[in-house]
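Biologist: I have a new model on my screen and some words I would like to understand. Could you walk me through them?
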Amino acid sequence: MAADFTLQVYFEHEGVFIHTGSEEDGLDPDLLVSGALRIIDKDGDVMVEFRPSEETGDPSTMLCAGKDTSSVVQWSQSPGQSPPQLLETQLSYETEWDLINAVSFRKKPTTNGDAVAHCQERSRWAFSSHVADLRSISVNEDGWAVLVITLKESIRLPPLHFHQGGSRSFLDTLRKFAVLSESPEDSKCLLVSTPNKVLSQSFENLLDDNNYGLVQKLKKDPYVTAFGGFSKVTNYIYDALRGSEEQHQRPPEEVADIMGEIIPGLEINQQEEPGFEVITRIDLGVRPQVTREAALSAEEWTKYQDAEGRIMNTSDLKHHIFKGGLCHAVRREAWKFLLGYFPWDSTLEERRELQKSKTDEYFRMKLQWKSVSEEQERRNSRLRDYRSLIEKDVNRTDRTNHFYEGLNNPGLGLLHDVLMTYCMFDFDLGYVQGMSDLLSPILYVMENEVDAFWCFVAFMDQMHQNFEEQMQGMKTQLIHLSTLLRLLDLSFWNYLESQDSDYLYFCFRWLLIRFKRELSFQDVMRLWEVMWTGLPCENFHLLLCCAILDSEKQKIMEEKYGFNEILKHINDLAMKLDMEEILKKAEGICLQMKTCKDLPRSIANILGFDSGMTSDDAACSGPVAGQTTRAVTCSNGHSEENGSHSSCRVPIS
């Protein structure tokens with residue numbers, strides 16, 4: 001009796017061929033062996049395997065979640081026949097050929113004559129390999145795609161010919177378990193590496209906890225690092241590295257090393273380097289209490305416009321929006337000003353003319369990708385990759401919102417078209433996973449693809465560095481956030497450092513898509529319009545992070561949370577945060593720092609306090625290296641006499 005084993009199928013594609021003959025060997029090059037290519041998990045081992053069609057009939061090895069593919073199959077869809085409509089729950093974001101598992105199949109006919117010999121001949125083309133044993137994959141897309149897998153022992157497996165598509169889906173699924181990076185010697189060769197043996201959860205999985213159960217996985221195996229970064233070849237996804245059951249005790253400092261390799265330059269916890277500002281005792285003073293106001297109404301909005309439609313007293317208007325946000329009826333018009341699509345001093349007629357020209361420009365760009373033929377796209381791998389990623393992300397973006405819910409929703413079509421057109425607007429950046437989250441609320445408010453596009457362009461001008469290949473924007477923000485936290489509460493910062501959490505990886509998602517997955521849809525719209533005012537300081541979103549952590553620090557420290565518990569606790573905050581309280585606390589922190597007499601210059605630079613500083617403000621800038629520090633009590637209550645205060649070191653911008 002065969003031993004019991006657990007099997008999970010991550011990818012399966014019929015209609016993959018091995019060409020057994022070659023003209024060089026004097027054989028018929030059309031001698032084909034068709035089969036099924038799969039990525040499976042057998043008892044915790046992730047394998048890539050190819051089985052010729054006749055060998056796929058064993059039900060014990062064909063367990064595919066929710067689908068019966070136990071028989072030898074052949075795609076029997078008639079030419080011109082439309083595939084059946086997939087239910088929303090059937091949609092997969094891992095493969096582009098899901099219809100193969102939804103259309104009808106029939107058994108491949110066989111004869112009794114030479115069946116045994118024929119089966120033995122075809123069996124020699126079967127292979128199975130652990131993902132960790134893969135060395136490289138060569139990709140040739142002239143005509144149909146051909147993948148050549150080479151193992152670490154320099155064993156070259158038979159070339160796999162994807163006559164019916166599916167190669168990109170195979171590679172996309174494989175990236176869940178290995179890092180695929182372009183070879184510097186050959187752009188068509190992808191080098192395979194598995195730095196932690198088991199890689200799971202792509203960027204979209206980490207963003208969307210509901211789909212993939214990050215918290216549940218944390219409970220089973222709490223050792224989860226924050227993110228990984230890859231090149232444009234993999235469209236800049238970041239993976240959560242998850243250790244196996246035997247590895248879950250691995251020290252957290254190893255994660256810091258991995259993160260340092262993934263994002264070079266993110267050395268937050270530096271030691272005595274020159275050019276650092278030494279701050280030993282800083283009294284931030286009392287944090288002022290602030291209040292919030294009611295949202296700006298439609299009537300109030302019209303009062304800020306003159307007879308020709310110009311916006312008057314913009315500073316007062318921005319202050320009103322910052323303190324209370326906007327009623328929803330005003331957002332469609334006001335967001336265009338806040339994002340810079342409309343100039344504040346433009347007249348109504350000037351804005352109409354601007355919209356006409358922007359409409360023409362938008363549809364010219366849209367026509368560029370709409371008019372690309374299948375033949376052209378087959379030779380444009382970047383456009384294909386952009387389209388594939390967009391289609392996946394659109395199918396999972398805010399699907400519980402009525403504007404995007406259900407099948408064949410026109411909102412989804414608009415979301416897709418705006419993102420595809422943005423690829424033509426900024427082809428170097430193209431589409432990166434997560435950008436759909438930034439567009440979704442804008443399109444929801446505008447209900448017009450042209451206005452939504454140009455507002456999205458303006459928003460992306462602010463967010464561009466977050467999505468660039470080198471992630472410079474994310475590196476800078478994380479370093480600035482650590483600088484602010486050190487000043488705000490040194491004891492809490494020291495605690496995070498002691499738990500190897502000073503990389504602040506748990507804030508990555510907050511910063512990347514501006515809290516989009518942490519708050520309800522309504523709260524996100526309110527928060528974004530508040531931040532778009534540019535008040536009360538630069539990088540206010542970093543103070544929002546500080547406010548959240550300031551509210552959670554007591555629990556984290558009292559419960560003595562370690563590396564894993566901190567990550568889980570922060571992830572569990574999603575959809576539980578009080579946005580108004582966060583805004584009040586963040587504003588209070590800003591005012592507290594702004595009135596501090598000994599505020600370090602680096603902090604002033606981060607928050608933009610240096611711009612337009614008066615002579616009195618300049619006198620309040622903090623000491624820099626080589627200057628004498630003031631002997632005052634720090635905000636944590638440590639005095640010079642008790643010796644319990646450790647230096648707070650802040651990098652100079």
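Modeller: Happily! Let us start with one pair: isoleucine 137 stands opposite leucine 190 in strand 13. Keep in mind that this is a predicted model.

Biologist: How do you know that strand 9 and strand 13 pair?

Modeller: Strands count as paired if there are at least two bridges between them. Strand 9 (residues 134–140) and strand 13 (residues 189–193) have three bridges, so by the cut-off of at least two they pair. Their sense is antiparallel. Serine 138 also has a place here, opposite cysteine 189 in strand 13.

Biologist: What makes strand 12 and strand 13 a pair?

Modeller: Use the cut-off again, at least two bridges. Strand 12 (residues 179–182) is joined to strand 13 by four bridges, so these antiparallel strands pair. Leucine 180 has valine 192 of strand 13 as its bridge partner, and glutamate 182 stands opposite leucine 190. A hairpin through six residues joins strand 12 to strand 13.

Biologist: And which strand is joined to strand 9 by six bridges?

Modeller: That is strand 10 (residues 145–151), which runs antiparallel to strand 9. Valine 139 has leucine 147 in strand 10 as its bridge partner. Four residues lie between the strands in this hairpin, where glycine 143 takes a positive phi near 80 degrees.

Biologist: Why are strand 8 and strand 12 said to stand at the edges?

Modeller: Look at the whole sheet: nine strands form an open sheet with antiparallel pairing, in the order 8-3-2-1-11-10-9-13-12. Strand 8 (127–130) and strand 12 each have a single partner strand, so one side of each has no neighbour in the sheet. From one strand to the next, the twist averages 30 degrees.

Biologist: Now to the helices. Why is helix 9 called roughly perpendicular to helix 14?

Modeller: The axes of helix 9 (residues 328–338) and helix 14 (residues 435–446) cross at roughly 115 degrees and come within 9 Å. Angles of 65 to 115 degrees count as roughly perpendicular, so helix 9 is described as roughly perpendicular to helix 14. The crossing is left-handed.

Biologist: Which residues make the contact of helix 9 with helix 14?

Modeller: From helix 9 come His328, Arg331, Arg332, Trp335 and Lys336, and from helix 14 come Pro441, Ile442, Tyr444, Val445 and Met446. These contact residues divide into six nonpolar, one polar and three charged.

Terms used:
Residues numbered from 1 in each chain as written. Predicted model: local features only at pLDDT ≥ 70, side-chain atom pairs only at ≥ 80, totals over all residues. Heavy atoms only, no water. Axes fitted to C-alpha atoms, helices over the stretch in contact; angles between N-to-C directions. Parallel < 35°, antiparallel > 145°, perpendicular 65-115°, else oblique. Left-handed = near helix turned anticlockwise from the far one by under 90°. Contact = heavy atoms within 4.5 Å. Nonpolar A, V, L, I, M, F, W, Y, C, P; charged D, E, K, R; others polar.
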